[in-house]
Amino acid sequence: MKRAEAYYDYTKRVLGELLSTDSPTGFSHAVTKKLKCLLSDMGYAAEIDRKNVVSVQVKGKSSEKKVATSAHVDTLGLMVRSVESDGKIRFTRLGGPILATLDGEYCRVYTRGGTAYTGTILSLSPSVHVFPDSRERARDEENMYVRLDEEVYSKEDVTALGVENGCFIAYDPKTVFTESGYIKSRFLDDKAGSACLLTVLKILKEEALVPAYDTAFCFTNYEEVGHGAATVGKDCDELIAVDMGCIGKDLSCRETDVSVCAKDSGGPYDYDVTNKLISLAKKENLSYAVDIYPLYGSDVGASYGAGNNIKGGLIGPGVAASHGMERTHKKGVTATVDLLLNYLLTEDEK
Ligand SMILES: [Zn+2]
């Protein structure tokens, strides 16, 4: 049964709230607090572990097996690498953003003391009237910097503000929900997936639905650097990661689909779990695609890598231009909610 459409206003609201909360990987306190509030608003008590994995346990009809589902709330970002003698802030990447898409992007630099200063990410040849190579200069770590919106002219001026090596830098998501149903924003990977998990929890609560099996809903951090769900799945039989679906080249997914990943760079996903996902997508007449993701790793891979004995699956809304200016669609998001919900409500065939 399709239920997600009726809850899309909720999905949109929580997605907007998550996107407007800065959470570059490793800098998760604000988003953890936000998630805790969103979950307690629905009547769920969240547990938070040392790595700030936020989890909620939902009792199923059967305790014969335990399912975990995860989405990551950490995003790409930057960190101060050094401050130059003239006050320019040089940075290192957190995760793998396409740096060319960050040229001209507004950002916030967070001091260790908790103050945020605004700034702009720029090329080191930022003015066409001064630098002959302004158009051609590479957009990479060696050729870009952050210009702070403060009157700073030296390293001492910058460090006096508390901006020092190791400070986190978050850049603008630029979120727009269009009339045509598109969602344009950075960090749809994986705040769209996180909003899907929240919506499934909302539907379970509102409609008093009980999953087939005991289910843990987990919101991870550090996914963008590869070890988000390393601690997730220890006590579970299955882990279904909800993360962005890939789009482009010969992949069949569109932004209006839920993508079922059959294989990524870590190899094939579990045969039985993937079969169940595909057969439910067909049965429920969802707009879906099955694809191979060539350059992709997920939280299931992190859990496998940590040695957890689980069956892994991966689904998510199609996200175009990932790690750049991303875009998905309401239809892809609602199809993901419907597929996950149906999966959790459906008993395995014996
Ligand atoms: Zn992701």
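The questions below concern one small sheet and two helices of a predicted model.

This is a predicted model, in which local features need pLDDT of at least 70, side-chain atom pairs count only at pLDDT 80 or more, and totals for chains, interfaces and linings use all residues. Residues are numbered from 1 along each chain as its sequence is written.

Q: What makes E11 and E18 paired strands?
A: Two strands pair if DSSP finds at least two bridges between them, and strand E11 (residues 182-184) and E18 are joined in the antiparallel sense over 3 bridges; Ile183, for example, has Thr328 in E18 as its bridge partner.

Q: Why are strands E10 and E18 said to stand at the edges?
A: The open sheet has the order E10-E11-E18, and E10 (176-177) and E18 (327-329) each have a single partner strand, so one side of each is left without a neighbour in the sheet.

Q: Why is H7 described as largely enclosed by the rest of the structure?
A: A residue is buried if 20 or more other C-beta atoms, placed from the backbone, lie within 10 Å of its own; 15 of the 16 residues of H7 meet this, so the helix is largely enclosed.

Q: Why are H4 and H7 called oblique to each other?
A: Angles under 35 degrees count as roughly parallel, over 145 as roughly antiparallel, 65 to 115 as roughly perpendicular and the rest as oblique. The axes of helix H4 (residues 188-206) and H7 cross at roughly 50°, and the two helices are therefore oblique.

Technical notes:
Helices (H or I, at least four residues) and strands (E, at least two) are DSSP runs, numbered from the N terminus. A residue is buried if 20 or more other C-beta atoms lie within 10 Å of its own, exposed if 12 or fewer, and partly exposed in between; C-beta atoms are placed from the backbone. Axes are lines fitted to C-alpha atoms, for helices over the stretch in contact, and angles run from 0 to 180 degrees between N-to-C directions.
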